[in-house]
Amino acid sequence: MQEMKIGPPNGREHLLRQQSGQKMKLKEKFVEIYDMFLRGQDPSIANGKDPDVFWDELFLIKVNADYLSSSLRETTEDQLLAIKDGINSIFLHAVQTMRDPLPQRRLHAMQTLTIVLGEIFRKKFHNWSFDVIHLLTGLSHADLVFRTLVQGLAQILDSEESMELRVVALRLAIALVCGNDNVNKNSLNEYFMQKDIFSSVAKFFMAVDSADLAFEALALLGLLANYNKYETQNPYLAQLTALNDETILRKMALVITVSCDKMRRSYIAVADDDELSTVSKVTSAFSYVTGMLWNPKSQDSSVTDAAFAELPDGRATILMVMYDLLYMNRPFRRIFLSFSTTTSALAQLQFSDKLPDPSADVNGKGDKETGLAIYLSFASYLFQHNRTQRTSPYTHLCLITLLILVEDPTLYPCICSIPQSQDASPAIHGQVSETSVRLCRQRQPVLPKVKQARPLGAVLLDVILGFLKHNMKKKMQIDSFRIAISIIISLASRFKSLRVRLSYHWVEMWNTLLGLVKFLHANIKVFQHQPEARDLVAEVIDLVNYFVTYGDLIMPDPASLYALYYEIVRSGIDVFSELAKEFTISIQPPLPAPLPHHDLTSRNRLNLASTPAPASASSPPESTIGSPLPAFSHLSSPPASPYHPYSRTGSPGPNKAQRNIIIDLSNINQVHTFFFTHLLAWRDANPTRSLGPDLVSTIIKTHYQDLALVSISLDTSLTLKQNQGGLGGKGANSTAVVSGSGPHPGWDAYTEVPSKVYFFRQLTRWIVADFRSISYDKTKLPLA
């Protein structure tokens, strides 16, 4: 005899039972019943059965999730529509059974609904909303059935039922909300607007001690809060904004921190970049014994690149609700900035899913890790591996989140030591705790590794410089670069106003910024017709000019400022003026006539090929002052960004009139002219000596006191925004600075509407896809 097999028409057959001698074992009851439904038959009336008894018995049977999901997946859209009466019957009776007094029936009914919805939502119907509702309930019953379904979910989540039952209810709600890739076009979400389940999900969130379940509940609230939030009053967004219960907010901060830590660890699992790790020590010992040098690049890069391309995993959906909370909820922002947990507790989560107590006090500086530090660490890994269409929107979202934080004055006591008074007194109030944060070092170029603890302000600058270095490509995300530049200018402006002198490897900042200027200059033809490139060029030059003018108020020592002036002399003024000319940017006041041409490099008398400090890979060496920049042929091009390229400021399209953008190059030109003149004088006085980098730095140091610079209007604009609350003054009930008040839109305070509406509508597509995948995978796993 043959083995018994069964399956949907034209689909893969499923082996149900093995033969045993001459007798055949009975079919699995669940498979037999649903096979009849999929063949267009109605088993509820077969053999004269009482339909009510049939449905009561059906939902007592354990759900075979693998069979049901694979069978529905192999059934085509037309075949499903042909058996819509059977699908209607399954769906309607399952919803009705959610009110059954027997928990087992309710559990199986919801499991069935989750699988049926998940597989039907995958289908590509011609008229998605109409066909889905027609298939599930029929048009005449849709309102009643879906209202009943959402009401039942709210009751179960809000009840004291078993955790297993509530988890299934949560995942059924996720399946409904994530039905369509475009959450705003999923008409079923209207029923969640009519029946608000925020308090029910929040109660479930507080009841669970599982990191994964808490993540799913919080991410669900975040997705519901973004449903049509620009078109209607969204009750979930309003409640997230108004939430002030510190117990809930602290647990939200914990779940976000744990999720970021898990995503960070997934990068480290692919390639451990910690020089002090056990793997690195063993590798070094092996190299010493065998005499062979181990090169990390010797690993199969195709394997690691493929692994990195899959990261971050679906937990990245938490980033959107994190953004909403930080942007709209001031109490949460305050709690998150002060939140900390222990490294041992985070490490334990690799073996156990149980969350640590969010209200527990953290003792012991060596075991303390703040939520902000973990987020910055994760961001460094995300930014360095931002090479796919999927990572682009998450990278952009993380940059926006960091911009919101740096525009908030309450951040700065957490990231730097602020002088107690406005004089030069060394007294410090609220001495900031310094920490050592692990930053990504998996790709070249890398920033200098700092082993000792330092303020988070220095870590934040490293994260942004890491983004600039690893994303400087011909098809780069210009909008993300503009946000990164805005973060730096916000930090610098606030440091200046607070008289904070941050200890930092500033030479890396100068190399990166000047490297970006030269990169834009070398690729003028590539960026010239991209509208936002004009703004980026102006903002980068403005930032360099700001540091040139006010660096002495920010740098901890003159040497850092001398390094900036060295880079200005080495780069020349032409790279700035030519960029302004090619991008039709006005220079006010106009630059004076250039210095007469001097061949300072004859007989190798002047060589600025390398700086006294370590050179950055973003700033290729040059053999002469003002020499052409070599093409960056080694930089690869990422996929096109999935969001609108003009979303930051609503820049005009190519057929519209360009805005007038004005920059001030007077101080940059003054630095270049002043020190260049002294270099000429030294050359004339020492015709037989070579003028190398160290001697150039000495000349800059000698004549620095005679340099005269003028104030710039940008400082006035930034100071005005600080006083008006523009740099961090936004919140649920505050008014942002009027757009356009700065020299150009890049220096206006961040506002989501209207500049980011298009981006967030596109972002939700990635959020839904990732959230649906990570939650759907868990529906088939046995519940604890």
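This briefing describes salt bridges, surface charge, helices and unusual backbone geometry in one structure. The model is predicted. It holds 34 salt bridges, and among them are pairs that join parts of the chain 45 residues apart or 165 residues apart in sequence. Two cis peptide bonds are also described below, one between L311 and P312 and one between Q444 and P445.

**Salt bridges between separate parts of the chain**

- K203 and D158 form a salt bridge through their side chains, with an N to O distance of 3.8 Å. Because K203 belongs to helix α11 (residues 198-207) and D158 to the loop between α8 (142-157) and α9 (163-177), this pair ties together parts that are 45 residues apart in sequence.
- Both partners of that pair have intermediate accessibility: K203 is partly exposed at 34% relative accessibility, and D158 is partly exposed at 35%.
- R171 and E216 form another salt bridge, with 3.0 Å from N to O. Here the link runs between two helices, with R171 in α9 and E216 in α12 (residues 211-225), 45 residues apart. R171 and E216 are both buried.
- R438 and D273 are joined by a salt bridge of 2.8 Å, N to O. R438 lies in the loop between β8 (428-429) and α23 (456-470), and D273 lies in the loop between α14 (246-270) and α15 (278-290), so the contact ties together parts 165 residues apart in sequence.
- The two ends of this bridge fall into separate accessibility classes: R438 is partly exposed, with a relative accessible area of 26%, whereas D273 is buried, with 9%.
- A network is also present, in which salt bridges with shared partners join D212, K262, D313, R315 and D353.

**Surface charge**

- A patch of negative charge on the surface is formed by D50, D52, D56 and E57.
- Within this patch, D50 is placed in the loop between α1 (29-38) and α2 (51-58). D50 counts as partly exposed, at 42% relative accessibility.

**Helices and their burial**

- Helix α20 (residues 371-384) contains 14 residues and spans 20 Å from its first C-alpha to its last, close to the 20 Å expected at 1.5 Å a residue. Since 14 of its 14 residues are buried, α20 is largely enclosed by the rest of the structure.
- Helix α29 (residues 574-582) has V575, F576, S577, L579 and A580 as its buried residues. In an α-helix there are 3.6 residues a turn, so residues three or four places apart point the same way.
- S259 is located in helix α14 and is buried, at 4% relative accessibility.

**Positions brought together from separate parts of the sequence**

- S259 and T317 are 58 residues apart along the chain, and their C-alpha atoms are separated by 9.6 Å.
- N244 and N329 are 85 residues apart along the chain, with 8.2 Å between their C-alpha atoms.
- N244 sits in the loop between α13 (235-242) and α14. N244 is exposed, with a relative accessible area of 56%, because exposed means over 50%.

**Cis peptide bonds**

- The bond joining L311 and P312 is cis, with omega about -5 degrees. P312 is in the loop between α16 (301-309) and α17 (318-328).
- The bond joining Q444 and P445 is also cis, with omega about 0 degrees. P445 is in the loop between β8 and α23, the loop that also holds R438.

**Positive phi in residues other than glycine**

- N228 is not a glycine, yet its phi is positive, at about 45 degrees. N228 is found in the loop between α12 and α13. N228 is buried, with a relative accessible area of 14%.
- T584 likewise has a positive phi, near 50 degrees, in a residue other than glycine. T584 follows helix α29 and lies in the loop between α29 and β9 (586-587). At 45% relative accessibility, T584 counts as partly exposed.

Technical notes: Residues are numbered from 1 along each chain as its sequence is written. This is a predicted model: local features need pLDDT of at least 70, side-chain atom pairs count only at pLDDT 80 or more; totals for chains, interfaces and linings use all residues. Side-chain values use heavy atoms; hydrogens and water are left out. A salt bridge is a side-chain nitrogen of Lys or Arg within 4 Å of a carboxyl oxygen of Asp or Glu. Helices (H or I, at least four residues) and strands (E, at least two) are DSSP runs, numbered from the N terminus. Buried means under 20% relative accessible area, exposed over 50%, partly exposed in between (1.4 Å probe, protein chains only). Patches are made of residues with over 30% relative accessible area and no salt bridge: like charges are joined within 9 Å, nonpolar side chains (Val, Leu, Ile, Met, Phe, Trp, Tyr) within 5 Å. Accessible areas come from the Shrake-Rupley method with a 1.4 Å probe; for residues, only the protein chains shown count as cover. Lys and Arg count as positive and Asp and Glu as negative; His and the chain ends are not counted. The place of a charge is taken as NZ of Lys, CZ of Arg, CG of Asp or CD of Glu. The expected span of a helix is 1.5 Å times one less than its number of residues.
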